[in-house]
Amino acid sequence: MDNCIFCKIAGGEIPSEKVYEDADVYAFHDIHPATPVHFMLIPKLHISSLAEVEDKHRDLVGGMMVLIPRLARQQGCSDGFRTVINTGRVGGQEVYHLHIHILGGRERLPGMIPHPG
Ligand code: 5GP
Ligand code: ZN
């Protein structure tokens, strides 16, 4: 995708702080970290969001899930972490290239969605 910022990051056209790379995926630190550890894992293939994932992406997306615990441990998340995939308008997605946020640090993260009442 020509005008996709994460395609450009995965292709090295826009610099980023790399966490991991292989033939299929790229991981890099978020430019505005929300927690002490905050990086993202993306497929090199442009898929605009989780809503666009299809059966043909099964191995790619499955491989990403298998990779996450290893990368999280390497980044110091020895006692757990949180994964977030914002999807579409309702999910508050800002960059339309599928990405998995991996968030962690020393302290327990706050609850995500406040319960009513
Ligand atoms: P979203 O809301 O789409 O799930 O999150 C997009 C994330 O991408 C945000 O956390 C934002 O800080 C991060 N981000 C946006 N532009 C860049 C960039 O150019 N470089 C890096 N490393 N992160 C970015
Ligand atoms: Zn893209």
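Q: Within what distance of the metal does an N, O or S atom count as a donor, and which protein residues are the donors of the zinc ion (ligand 2)?
A: Donors are N, O and S atoms within 2.8 Å of the metal, a cut-off that applies to zinc. In this predicted model, the protein donor atoms lie 2.0 to 2.3 Å from the zinc ion (ligand 2). They are SG of two cysteines and ND1 of two histidines, belonging to Cys4, Cys7, His46 and His97.

Q: What is the geometry of the site of the zinc ion (ligand 2)?
A: Four donors count as tetrahedral if all angles lie between 85 and 135 degrees. The angles among the four donor atoms here are 106 to 117°. The ideal value for four tetrahedral donors is 109.5 degrees. The site is therefore classed as tetrahedral.

Q: How are the donor residues of the zinc ion (ligand 2) spaced in sequence?
A: The donors are Cys4, Cys7, His46 and His97. Written as a pattern, their spacing is C-x2-C-x38-H-x50-H.

Q: Is Cys4 buried or exposed?
A: A residue is buried when its relative accessible area is under 20%. Cys4 has 6% relative accessibility, so Cys4 counts as buried.

Q: How many disulfides does the model contain?
A: A disulfide requires a pair of cysteine sulfur atoms within 2.5 Å. By this rule, the count of disulfides is zero.

Q: How much of the accessible area of ligand 1 does the protein cover?
A: A polar side-chain atom of Asp30 lies 2.5 Å from an oxygen atom of ligand 1, and a side-chain N or O atom of His99 is 2.7 Å from an oxygen atom of this ligand. On its own, ligand 1 has 530 Å² of accessible area, of which the protein covers 85%.

Methods:
Residues numbered from 1 in each chain as written. Chains lettered and ligands numbered in written order. Predicted model: local features only at pLDDT ≥ 70, side-chain atom pairs only at ≥ 80, totals over all residues. Heavy atoms only, no water. Donors = N, O, S within 2.8 Å, 3.2 Å for Na, K, Ca; no water. Tetrahedral: all angles 85-135°; square planar, octahedral: opposite > 155°, others 65-115°. Buried < 20%, exposed > 50% of the residue type's maximum accessible area, 1.4 Å probe, protein only. Polar contact = N/O pair within 3.5 Å; in protein donor to acceptor, adjacent residues only side chain to side chain. Areas by Shrake-Rupley, 256 points an atom, 1.4 Å probe, with all protein chains shown as cover.
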